[in-house]
Amino acid sequence: MDVVKRGVDALRGAISLTSIHGEGTSVSIRIPLTLAIIESLLVRIGSDCFVLPLAMVQECIELTGNDIARAHGRHLANVRGRITPYIPLRQRFAIGGSRPEIEQIVIIELEGKQVGLVVDHVVGEHQTVIKSIGKMFREVSGISGATILGDGSVALILDVQQLVAEEERAEREECRTGGSVLITEELQRREVYA
Amino acid sequence: MHEATEPSQYLTFTLDDEVFALNIDKVREVLDFTVITKVPRTPDFMCGVINLRGNVVPVVDMRLKFGMPATEKGVNTCIIIVEVTVDGETTILGALADSVQEVLDLEPDQIEQAPRIGTRLDIDFIRGMGKHGDNFVMILNIDKVFSADEIAGLEPSAAAA
């Protein structure tokens with residue numbers, strides 16, 4: 001079992017166990033991306049490019065200032081009648097520069113539910129050759145690898161599962177403490193090592 | 001500190017006008033400053049990653065690690081690609097330097113042990129002080145500067161004293 005865990009960890013995967021007394025145990029192994037080529041969607045926030053697996057993407061819609069005002073500051077969007085939560089990536093990643101007037105939400109399907117990721121521009125489809133980002137970045141939540149774009153620049157591969165889990169955790173903390181957790185954590189992280 | 005019996009070569013570089021040196025066998029290459037892609041949710045001293053001939057290599061700002069103000073990109077700023085060996089495993093990473101100077105040949109008798117106080121750096125980071133003419137250069141122990149924990153992506157080690 002230790003060998004399995006080490007192997008799965010090496011691939012940046014996760015193992016989870018659910019066990020019901022008297023009924024049985026199920027072991028789930030989640031293996032994210034390995035050295036492979038995947039069809040992905042290339043998006044841009046500020047001057048940084050990110051890619052996410054195209055298979056998870058359902059659609060892209062616009063997010064205007066009006067939509068944000070109507071939601072009264074909550075990160076919820078109305079997608080054809082359905083309330084869809086979204087993650088403001090520019091905020092979460094503390095990317096500099098100013099927000100464009102009209103942003104794009106990429107609607108992802110995750111475990112049967114819909115989540116949106118807010119980006120500045122959706123550039124288009126991209127065949128991504130996954131490059132490992134190295135052990136130094138293993139603990140970074142939300143980034144699972146990198147790829148080299150046609151112009152030689154590096155784009156980071158988003159781990160949507162981790163982003164959503166992190167968001168859930170942060171919102172629960174916020175409700176408890178009444179403050180903005182992720183911004184505080186980001187500032188603290190920078191302060192400690194500055 | 002192991003005793004060297006032959007002269008070794010050291011690459012000298014500057015960080016904020018202070019001269020440091022690295023053993024040449026740890027240095028792979030020196031690049032001009034290129035676009036660095038910042039990875040979100042990383043400490044400030046981790047500048048990000050670069051594309052090195054198809055490989056994604058992390059770049060760190062040594063000035064921030066040593067408690068100096070952040071590097072200002074100038075015409076001489078460059079990235080030194082080093083090999084860091086930790087627990088027998090070798091990782092390649094890039095370190096920002098304000099400028100790269102020359103390769104020095106230092107005899108073992110020109111290298112003194114680092115003083116325990118006065119260098120304003122963690123004693124582990126310095127392998128010795130080399131004497132070159134009238135000046136001293138601090139020879140870095142690059143394996144200690146980037147600790148095993150950091151390479152493994154866990155908590156960074158404490159920086160300046």
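Here is a walk through the structure above, which is a predicted model.

Let us begin with chain B as a whole. Its secondary structure comes to 3 helices and 11 strands, and reading along the sequence gives the pattern β-β-β-β-β-α-β-β-β-β-β-β-α-α. Chain B has 161 residues, and buried ones make up 50% of them. For its contacts with a separation of 6 or more, 55% join residues that lie 24 or more positions apart. The accessible surface of chain B comes to about 7800 Å², with 46% of that belonging to carbon and sulfur atoms.

With that overview in hand, we can turn to a sheet in chain B. Six strands form an open sheet, and if you step across it you meet them in the order S8-S1-S2-S11-S10-S9, with mixed pairing. The edges are S8 (99-106) and S9 (111-112) of chain B, each of which pairs on one side only. As a general reminder, strands of a sheet pair through backbone hydrogen bonds, either parallel or antiparallel.

A good place to enter this sheet is the hairpin of S1(B) and S2(B). Strand S1 covers residues 8-15 of chain B and strand S2 covers residues 18-23, and the two pair in the antiparallel sense over 6 bridges. At the turn, Leu15(B) stands opposite Glu18(B) in S2(B). The hairpin has 2 residues between the strands, and Asp16(B) takes a positive phi near 55 degrees there.

From S2(B) we can move on to S11(B), which spans residues 135-140. Here the pairing is parallel, over 2 bridges. Phe20(B) has Met138(B) in S11(B) as its bridge partner. Towards the S9(B) edge of the sheet, S9(B) and S10(B), the latter made of residues 126-132, run antiparallel and are joined by 2 bridges. In this pair, Glu112(B) finds its bridge partner in Met129(B) of S10(B).

Next, a look at empty space inside the model. How many cavities of 30 Å³ or more does the count give? The count comes to 1 cavity, and the largest cavity has a volume of about 30 Å³. Its lining is made of Leu22(B), Asn23(B), Lys26(B), Arg127(B), Leu140(B), Asn141(B) and Ile142(B). Sorted by character, the lining residues divide into 3 nonpolar, 2 polar and 2 charged.

Now we can cross to chain A and visit two residues there. Arg44(A) sits in strand S3, which covers residues 37-45 of chain A. Is Arg44(A) buried, exposed or partly exposed? Its relative accessibility is 30%, so Arg44(A) counts as partly exposed. Setting aside neighbours within four places in sequence, Arg44(A) is in contact with Cys49(A), Val119(A), Asp120(A), His121(A) and Val123(A). As a further distance to check in your viewer, Arg44(A) and Gly96(A) are 52 residues apart in sequence, and their C-alpha atoms are 13 Å apart in space.

The other residue is Ala170(A), placed in helix H4, residues 160-177 of chain A. Ala170(A) has a relative accessible area of 1%, and therefore it is buried. Along the chain, Ala170(A) and Arg90(A) are 80 residues apart, and a separation of 16 Å lies between their C-alpha atoms.

Notes: Residues are numbered from 1 along each chain as its sequence is written. Chains are lettered from A and ligands numbered from 1 in the order in which they are written. This is a predicted model: local features need pLDDT of at least 70, side-chain atom pairs count only at pLDDT 80 or more; totals for chains, interfaces and linings use all residues. Side-chain values use heavy atoms; hydrogens and water are left out. On a 1 Å grid over the protein atoms alone, a cavity is a set of points where a 1.4 Å probe fits but cannot get out, and a pocket is an open set with protein on both sides within 12 Å along at least five of seven lines; lining residues have an atom within 4 Å of a point. Grid points are joined across faces, edges and corners, and a volume is the space filled by probe spheres set on the points. Ala, Val, Leu, Ile, Met, Phe, Trp, Tyr, Cys and Pro count as nonpolar, Asp, Glu, Lys and Arg as charged, and the others, Gly among them, as polar. Two strands pair if DSSP finds at least two bridges between them. Helices (H or I, at least four residues) and strands (E, at least two) are DSSP runs, numbered from the N terminus. Buried means under 20% relative accessible area, exposed over 50%, partly exposed in between (1.4 Å probe, protein chains only). Contact means heavy atoms within 4.5 Å. Accessible areas come from the Shrake-Rupley method with a 1.4 Å probe; for residues, only the protein chains shown count as cover.
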